[in-house]
Amino acid sequence: MSAVAVYSYTQSVTYVADNILKCLKDIIRLSGLDPAKLVGEWDVLLRGLSSWIESKHLETVTLEIYNPENDALVTRWDVSIAYTWDLSAGTFWTDTDQLRYAIKKAGVVPSEAAYRVVVSYNKSGRPDVAGWSSCSLRATEGMARQSLGTTVEHNGLGANTAYWRKA
């Protein structure tokens with residue numbers, strides 16, 4: 001039975017990591033930006049997210065949308081990982097309608113905006129993944145966080161999404 005559980009957890013990790021990236025792509029596209037950069041980095045991003053979800057080090061995946069002229073944050077999307085995996089849960093889904101509604105509410109971003117994906121960890125000792133480096137998040141001063149709840153779910157391993165808007 002343990003071989004089945006390990007295989008299923010690996011499936012859950014793959015499903016959640018892949019769907020987080022698909023959600024980020026939708027956010028970028030529906031916000032009025034070109035997702036080509038994200039698509040070009042897809043393999044490196046997926047390798048990192050999968051590795052750190054598998055090892056349970058990943059806490060949050062952040063999409064920062066910023067003004068490249070002054071480096072100021074325009075908006076930010078946080079996708080927090082929920083490690084409550086349970087083989088008996090038997091559910092899997094991604095709520096793209098929830099994202100569409102929130103993006104519509106947040107509005108389109110300026111076409112000259114740029115974006116990047118940043119991750120944070122919940123404990124030390126994470127495995128290194130080629131193509132990733134360290135950096136700091138931009139300040140969220142003057143912004144308010146809006147929680148959307150669960151966006152991706154696979155047997156209890158999931159992702160909760162929130163976005164930051166001007167207060």
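**Close-up views of a predicted model**

**View 1. W132 and its aromatic partner W52.** In this predicted model, W132 is buried, with a relative accessible area of 19%, a value that falls under the 20% limit for the term buried. W52 is likewise assigned as buried, and its relative accessible area is 0%. Three aromatic pairs are counted in the model. One of them joins W52 and W132 in an edge-to-face arrangement, with 5.0 Å from centre to centre and 75° between the planes. Because W52 belongs to helix α3 (residues 42-54) and W132 to the loop between β4 (114-121) and β5 (143-154), the pair ties together parts that are 80 residues apart in sequence.

**View 2. The cluster of rings.** Ring pairs connect W52, Y121 and W132, and these residues form a cluster.

**View 3. Charged side chains over tyrosine rings.** R138 is placed over the face of Y66, at 3.6 Å from the ring centre. K56 is placed over the face of Y9, where the separation from the ring centre is 5.4 Å.

**View 4. T96 in helix α4.** Helix α4 spans residues 96-106 and includes T96. Is T96 buried, exposed or partly exposed? T96 is partly exposed, because its relative accessible area is 27%, and partly exposed denotes values between the limits of 20% and 50%. Along the chain, T96 and K25 are 71 residues apart, and a distance of 11 Å separates their C-alpha atoms.

Methods:
Residues are numbered from 1 along each chain as its sequence is written. This is a predicted model: local features need pLDDT of at least 70, side-chain atom pairs count only at pLDDT 80 or more; totals for chains, interfaces and linings use all residues. Side-chain values use heavy atoms; hydrogens and water are left out. Helices (H or I, at least four residues) and strands (E, at least two) are DSSP runs, numbered from the N terminus. Buried means under 20% relative accessible area, exposed over 50%, partly exposed in between (1.4 Å probe, protein chains only). Rings of Phe, Tyr and Trp (its six-membered ring) pair if their centres lie within 6.5 Å; planes under 30 degrees apart count as stacked, over 60 as edge-to-face and the rest as tilted. A charge sits over a ring if NZ of Lys or CZ of Arg is within 6 Å of the ring centre and within 35 degrees of the ring normal.
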